[in-house]
Amino acid sequence: MRAGEFRRGDDPGRKTMDKVFDARTLDAIYEVMKRFKVDLIDYPVSTGKESVVFKAIVRKKNIAIKIYKMSTLGFNSVREYIEGDYRFEKEKLSRSSIVYVWARKEFINLRNMEESGVKCPVPIGVHKNVLLMQYLGTSLKPAPQLRNYNGDDIAVYIHSAMNQYKNMVEKSLLIHADLSEYNILCYRKNAYIIDVGQSVPITHPMAREFLNRDINNMIVFAKKAGILQNELALPTFYHSWPEDPHKLLRKQ
Ligand SMILES: Nc1ncnc2c1ncn2[C@@H]1O[C@H](COP(=O)(O)OP(=O)(O)O)[C@@H](O)[C@H]1O
Ligand SMILES: [Mg+2]
């Protein structure tokens, strides 16, 4: 769908979008297309329960646009990841606004990771429930998730993923909280960490549990590929959780 076509109700692209998104989301997409000069929303890369990711084109370059669905983002399930996060302490959460906070949280986490040198899609912008970021992949197809990667060098990507996760925890002081072979993309010999809306700072009350869960997921996946736990680079916090996480954050 091209920018000029978006407002016309008779446009086939708009009609398809009408079925998938509510009116507020359609307005947000329209605003994003104007503000970020999006020339074309190409095709959906992924359609999940809570979000849809599109490949789009801005000044001849590919970008990714992730749109959170208003209706299916469960209020209670996302709340626990926002309420313990000091960055959103002052936020008033309602059923209709939580999805905007969620999109902004993913944007801020990506920015934080990028600043610490963690491989992730570079964030471009966020407006309401629409997030724009670097697209990982070629014009023909997106970079594969680690679970679908079937090259001989899968070990390279598993080790790379653990190194990136270690950086995320130790440098960004963020715990992914949904790390698995689904949320790691294999791109140009490096693993990229994606889907960080739910990621929380190490001061979140559940941070340690989330860290253990993330790492256990990766240990199970690595084992299936013949890599043992002691061969993986694990964050130091896995073995010894910091006594005062708040102090570490203040130093950051
Ligand atoms: N920046 C990106 N570049 C290429 N593909 C992406 C990008 N972000 C997401 N994807 C694809 O879309 C899928 C869903 O994105 P994700 O952020 O994991 O959302 P969710 O799992 O919440 O639906 C990913 O598994 C990946 O295949
Ligand atoms: Mg995901």
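**Pockets, sheet and domains: a quick chat**

Visitor: How do the residues lining the largest pocket divide into nonpolar, polar and charged?

Guide: There are 18 nonpolar, twelve polar and seven charged. Ala, Val, Leu, Ile, Met, Phe, Trp, Tyr, Cys and Pro count as nonpolar; Asp, Glu, Lys and Arg as charged; the others, Gly among them, as polar. This is a predicted model: local features need pLDDT of at least 70 and side-chain atom pairs 80 or more, while totals for chains, interfaces and linings use all residues. Residues are numbered from 1 along each chain as its sequence is written, chains are lettered from A and ligands numbered from 1 in the order written, and side-chain values use heavy atoms, without hydrogens or water.

Visitor: What volume does the largest pocket have?

Guide: About 950 Å³. That is the space filled by probe spheres set on grid points, joined across faces, edges and corners. A pocket is an open set of points on a 1 Å grid over the protein atoms alone, where a 1.4 Å probe fits, with protein on both sides within 12 Å along at least five of seven lines; lining residues have an atom within 4 Å of a point.

Visitor: Which lining residues are closest to its centre?

Guide: Ser-51, Lys-66, Asn-183, Ile-194 and Asp-195, out of 37 that line the largest pocket.

Visitor: Which elements supply at least two lining residues there?

Guide: Strands β1 (38-47), β2 (51-58), β3 (61-68) and β5 (130-134), plus helices α3 (75-83) and α4 (98-115). Helices (H or I, at least four residues) and strands (E, at least two) are DSSP runs, numbered from the N terminus.

Visitor: Where does the largest pocket lie relative to the domains?

Guide: Between domain 1 (3-134) and domain 2 (146-251), because both give residues to its lining. The domain bounds come from an automatic or database domain assignment.

Visitor: How many residues are in contact across the domains?

Guide: 20 residues of domain 1 touch 26 residues of domain 2. Contact means heavy atoms within 4.5 Å. The two domain centres, taken over C-alpha atoms, are 24 Å apart.

Visitor: New topic. What's the strand order in the open sheet of five strands?

Guide: β1-β2-β3-β5-β4, with antiparallel pairing. β1 and β4 (123-127) are the edge strands, each pairing on one side only. Two strands pair if DSSP finds at least two bridges between them.

Visitor: How many bridges join β3 and β5?

Guide: Five, in the antiparallel sense. In that pair, Lys-66 stands opposite Leu-131 in β5. Lys-66 is also among the residues closest to the centre of the largest pocket.

Visitor: And what do β7 and β8 form?

Guide: A hairpin, with two residues between the strands. β7 (184-187) and β8 (190-193) pair antiparallel over four bridges. Ile-184 stands opposite Ile-193 in β8. In the turn, Arg-188 has a positive phi of about 50°.

Visitor: Back to pockets. What lines the second largest pocket?

Guide: Phe-36, Val-58, Arg-59, Lys-61, Asn-62, Ile-63, Ile-124, Leu-132 and Gln-134. β3 gives the most, with three residues. By class, five are nonpolar, two polar and two charged. The volume of the second largest pocket is about 220 Å³.

Visitor: Where does Arg-59 lie?

Guide: In the loop between β2 and β3. Arg-59 has a positive phi of about 45°, although it is not a glycine.

Visitor: What about the phi of Lys-37?

Guide: Near 50°, a positive value in a residue other than glycine. Lys-37 sits in the loop between α2 (23-35) and β1.
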